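Reader: Please take a close look at one part of this structure for me, the salt bridges. I would like to know where the partners sit and how covered they are.

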Amino acid sequence: CRDDTNNNNNNTSHSNAEVPRPVNTTCGIVALLECIPQIPIKQPKKRKRLLKRIKEFNKRAEDARKKNLKEEKFYCHQPSELPLKLNFNTRVAFAYELTRIVFCIDASPTLTSTFGNTGHVDGAICAMDRLGKMVQMFFNGLVQPIAGAAVKRSGIYNGNGDQVDTTTSHDSPWWVPELAVTVIAVFPPAMTREGEKPINVLVADYSVQDVASANRLADEIIEWAAVEVESEIAARLGRVGGRLDCSSSCLKDIVEKCDEALLTLPSRGRPVIVLATDCRAIECESILDFAKDRNMRDTPLNVLDLSGSHSHRTGVSLAHEGPNYLTFDADGPSSFPLIIPDDSLHLYNICISTRGYFIDSERLQDAVNTYAGDVDPSSPFYQDVYFSVRRRVVNPNALQWHTIFSLSPCCPFLNASWGNMPPPFHVLERHQIAAKQVVSNKAMFFSYPLNPVRVKGVLIMRIIDGYRPRRYGTSSQDDDKVSIQFSMKLELGTILHYEFSYVASPFHNAMVGSAYVKISLSGEPSFVQMI
């Protein structure tokens with residue numbers, strides 16, 4: 001179980017709390033941090049009543065935590081009511097007291113090769129040279145104090161319910177996120193001999209609680225990568241005769257190793273996988289296969305792109321510098337052989353399907369320096385209205401917002417930019433070029449009734465399958481009818497749609513009834529017609 005925090009409002013809601021690790025296993029709601037109504041409350045009396053309800057809500061959570069810690073039994077606080085009622089537009093965001101991160105380096109030879117890296121302004125000879133700056137910026141950005149998180153800290157209690165640590169029992173307007181980090185490097189399967197370890201581990205369950213510990217971890221990662229990982233890459237590449245065609249990484253294998261590494265971290269923390277890679281020569285499954293293998297639980301895959309923006313061609317229609325050879329990638333700078341393709345777009349699509357993000361050094365710097373509620377209109381983060389709204393009380397930076405805070409998978413996404421990290425420029429431009437070349441067409445190819453059906457079970461199953469709700473709505477004024485439109489984004493602009501029309505049964509509770517399902521596909525017309 002994990003210590004979760006919840007929040008609710010009619011437009012957006014975020015929550016988090018810092019409480020020292022309890023002796024007993026606990027989960028549930030710790031505190032409500034922020035509650036922003038869709039329509040601003042201008043009357044002072046109504047604002048005071050809302051504030052009073054929030055304080056009472058947090059007091060009940062604190063009392064329940066103390067009671068269950070004293071009784072030394074399993075505790076999961078799940079309040080049935082929130083200070084404001086939910087509606088179809090409510091955005092609920094969670095933040096865990098602890099975030100457990102597996103930081104993985106894609107230890108393929110392309111990471112240390114000089115293809116496409118020499119002679120550019122950043123001075124990097126290979127993609128590995130960019131790791132130091134990005135890892136330092138990443139961990140420092142995550143542990144920056146978050147303003148506005150004024151939560152009563154409960155301190156540490158013994159078995160009799162007496163407070164042991166009184167230094168943490170006070171109100172604070174700041175919250176510093178806590179991280180538990182395991183750092184690994186995964187080598188390509190083709191370069192791993194029988195009996196040889198497929199991964200190299202730097203540290204397991206390293207606690208990061210402030211900037212000083214973040215800097216120590218970053219320094220260790222930089223030294224370890226430059227000495228041990230690079231040496232091991234060279235040794236394994238030499239054993240296969242320097243053949244780059246045997247050095248392709250496998251995303252499925254990397255994610256499996258990261259899932260195993262997550263088991264070394266406290267289960268109460270929210271799991272996150274961070275992959276540092278140059279995005280070259282990575283075997284990626286289709287999104288459907290990836291969703292089938294992972295059941296799309298709340299474990300986002302975040303990619304740190306170590307390649308320079310100059311190493312990505314945004315489209316074949318753009319002017320090409322220098323000669324084109326058959327042995328070089330036509331969709332990238334001519335210094336890359338065909339056996340080292342650019343897989344950045346495939347990685348980006350898979351990251352989005354897991355509710356993660358794909359970020360390069362330029363976007364990472366912007367994310368660390370951009371704070372919620374204070375976003376410049378020219379910033380790419382301004383398009384997410386729930387992050388940029390000025391009525392925000394809790395003000396994390398954009399990196400914390402997309403890494404530590406987690407929007408509920410049940411929240412509707414009418415706009416693709418809401419809740420998603422803006423992609424790097426080269427990914428965005430390739431998407432725009434592809435969108436101009438594809439005229440979308442939607443066709444229904446399957447429909448069926450469900451009677452009886454438990455609506456909650458169906459919704460959870462679709463989310464586990466990788467679908468995300470796009471819109472909630474009602475087709476009439478009847479309270480017992482609702483329709484939900486799910487969608488799953490696939491490759492090449494193809495989208496799988498799942499429309500669920502539900503009617504509650506008058507003979508049971510509202511969660512049991514009948515439904516009608518429509519499944520359709522939209523995308524390039526000839527492809528849709530073939531399906």
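Author: A helix here is a DSSP run of H or I with at least four residues, and helices are numbered from the N terminus. The model is a predicted one. The protein has 12 helices and 24 strands, and 51% of its 531 residues count as buried.

Some background comes before the pairs. Side chains of opposite charge can pair when their charged atoms come close. For a salt bridge, a side-chain nitrogen of Lys or Arg must be within 4 Å of a carboxyl oxygen of Asp or Glu. Across the whole structure, nine salt bridges are found.

Start with Asp63 and Lys59, whose side chains form a salt bridge at 2.9 Å from N to O. Both belong to helix α1, which covers residues 44-71, and because they are four residues apart, about one helical turn separates them. To judge how covered they are, a cut-off is needed: buried means under 20% relative accessible area, exposed means over 50%, and partly exposed is in between. Asp63 has a relative accessible area of 35%, so it is partly exposed. Lys59, at 44%, also counts as partly exposed.

Another pair involving helix α1 is Arg65 with Glu97, where the N to O distance is 4.0 Å. This salt bridge links distant parts of the chain, since Arg65 is in helix α1 while Glu97 is in the loop between β6 (93-95) and β7 (98-106), 32 residues away. Both Arg65 and Glu97 are buried.

Now turn to helix α3, residues 211-239. It holds Arg236 and Glu232, which are four residues apart, about one turn of the helix. Their side chains meet in a salt bridge of 2.8 Å, N to O. What is the relative accessible area of Arg236? The value is 3%, so Arg236 is buried. Glu232 comes to 24% relative accessibility and therefore counts as partly exposed. Salt bridges can also share partners, and in this way Arg65, Glu97 and Arg268 are joined into one network.

To put the pairs together: Asp63 and Lys59 are both partly exposed, and Arg65 and Glu97 are both buried. In the α3 pair, Arg236 is buried, whereas Glu232 is partly exposed.

Technical notes: Residues are numbered from 1 along each chain as its sequence is written. This is a predicted model: local features need pLDDT of at least 70, side-chain atom pairs count only at pLDDT 80 or more; totals for chains, interfaces and linings use all residues. Side-chain values use heavy atoms; hydrogens and water are left out. Helices (H or I, at least four residues) and strands (E, at least two) are DSSP runs, numbered from the N terminus. Buried means under 20% relative accessible area, exposed over 50%, partly exposed in between (1.4 Å probe, protein chains only).
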